[in-house]
Amino acid sequence: MRVGLVQLTVTDDPAGNLPQTLALVRAAVAGGAGFVLTPECTNALSSDRAHQQDILHPEDSDPTLAALRAEAARADIWLLIGSLGLKTRDDDGRFANRSLLIDPTGAITARYDKIHMFDVTLSESETYRESASYRPGARAVLAETPFGMLGLTVCYDIRFPALYRRLAQGGAQIITVPAAFNHITGAAHWETLLRARAIETGCYILAPAQTGFHAEVRGKGRRTHGHSLVIAPWGEVLADAGTDPGVIFAEIDLAEVARARARVPSLSHDRPFDGP
């Protein structure tokens, strides 16, 4: 299976972001990809909750979702919408950060709500409280496709290896990690974390990312790291998008999953232990 990872620089305007997203999805299809992936926050990046309330929609009426479902059906491809910010019916008004897998008919075949919220203080001027706007998910998700079993994750999840081990032991051969990874932590940790998760699980890791400066109508904007990556089950980097918007491609061969796991069968070597 040839995969195409879309790297975006979105703003906080979903309608303005959609044309570039569709253009790059079409470029991925033109390049031969049968499975196309977009980053976290494909519809918009915004740090202002009031603005999010104005621009976001419930899943059943989200314009970005509708357009991308139609595009998947038109192109006859599998499409992972890395995530969308979506309104929920939660009493506290928080949104969902939801990854959606679309099949070649345009149907939604899997949904995953990001479990781990990015609540960090990187410096006096760089603070994030994702949980103030987004409520965490509570369920790990596997999705069966003709080209392999997918495990769905999003961005900050990458720092919680237990989730990845659970997915791999549950049958995942490919794990998706769409992200809007901070430029500071990205430079320090992004590639290392992705390669570690691939090596630990013997899975392909597909990580489409946001990149560059993301302007906001309300707010100071933010920077993301870019470097969408495809990592092989043995830990090799197969493709790196660098820091410009665009598409990268790689070939997925599930024989490599079996080969890596046969060489180091650590997924079957769990041992009970006491402490600490």
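How many helices and strands does the secondary structure of the protein chain come to? In this predicted model, where residues are numbered from 1 along each chain as its sequence is written, local features need pLDDT of at least 70, side-chain atom pairs count only at pLDDT 80 or more, and totals for chains, interfaces and linings use all residues. Side-chain values use heavy atoms, with hydrogens and water left out.

**Overall form**

The protein chain has seven helices and 17 strands, where helices (H or I, at least four residues) and strands (E, at least two) are DSSP runs numbered from the N terminus. Its radius of gyration, taken over C-alpha atoms, is 18 Å, close to the 19 Å that the globule rule gives for 276 residues, so the chain is as compact as a globular protein of that length. The globule rule itself is 2.2 Å times the number of residues to the power 0.38. Along the principal axes, the C-alpha atoms fill a box of roughly 50 × 50 × 35 Å.

Contact here means heavy atoms within 4.5 Å, and among contacts between residues at least 6 apart in sequence, 69% join residues at least 24 apart.

**Surface and charge**

The protein chain exposes about 11700 Å², of which carbon and sulfur atoms supply 52%; such areas come from the Shrake-Rupley method with a 1.4 Å probe, and for residues only the protein chains shown count as cover. There are 27 positive and 32 negative side chains, and the centres of the two sets lie 3 Å apart. In this count Lys and Arg are positive and Asp and Glu negative, while His and the chain ends are not counted, and the place of a charge is taken as NZ of Lys, CZ of Arg, CG of Asp or CD of Glu.

**The interior**

Buried residues make up 53% of the 276 residues, where buried means under 20% relative accessible area, exposed over 50%, and partly exposed in between (1.4 Å probe, protein chains only). A nonpolar core is a set of buried Ala, Val, Leu, Ile, Met, Phe, Trp, Tyr and Cys residues joined through side-chain atoms within 4.5 Å. In the largest such core, which has 47 residues, F35 and L194 touch the most other members. Leaving out residues up to four places away in sequence, L194 touches I158, V177, I205, A207, L229 and I231. Apart from this core lies another, of 25 residues, with V6, L24, I102 and I108 among them.

**Backbone details and single residues**

Most residues other than glycine have a negative phi, and most peptide bonds are trans. C41, however, has a positive phi near 55°, and H227, which is also not a glycine, has a positive phi of about 55°. The peptide bond from G275 to P276 is cis, with omega near 0°, and P276 is found in the segment after α7 (254-263).

The table sets out where four residues lie and how accessible they are.

| Residue | Place | Relative accessibility |
|---|---|---|
| C41 | loop between β2 (35-37) and α2 (49-55) | 8%, buried |
| H227 | loop between β14 (222-225) and β15 (229-231) | 22%, partly exposed |
| A70 | helix α3 (residues 63-75) | 47%, partly exposed |
| H116 | loop between β6 (108-113) and β7 (119-123) | 19%, buried |

A70 and G106 are 36 residues apart in sequence, and their C-alpha atoms are 5.9 Å apart in space. The C-alpha atoms of H116 and I199, which are 83 residues apart along the chain, are separated by 21 Å. Not counting residues up to four places away in sequence, H116 touches E130, Y156, D157, F160 and L163.
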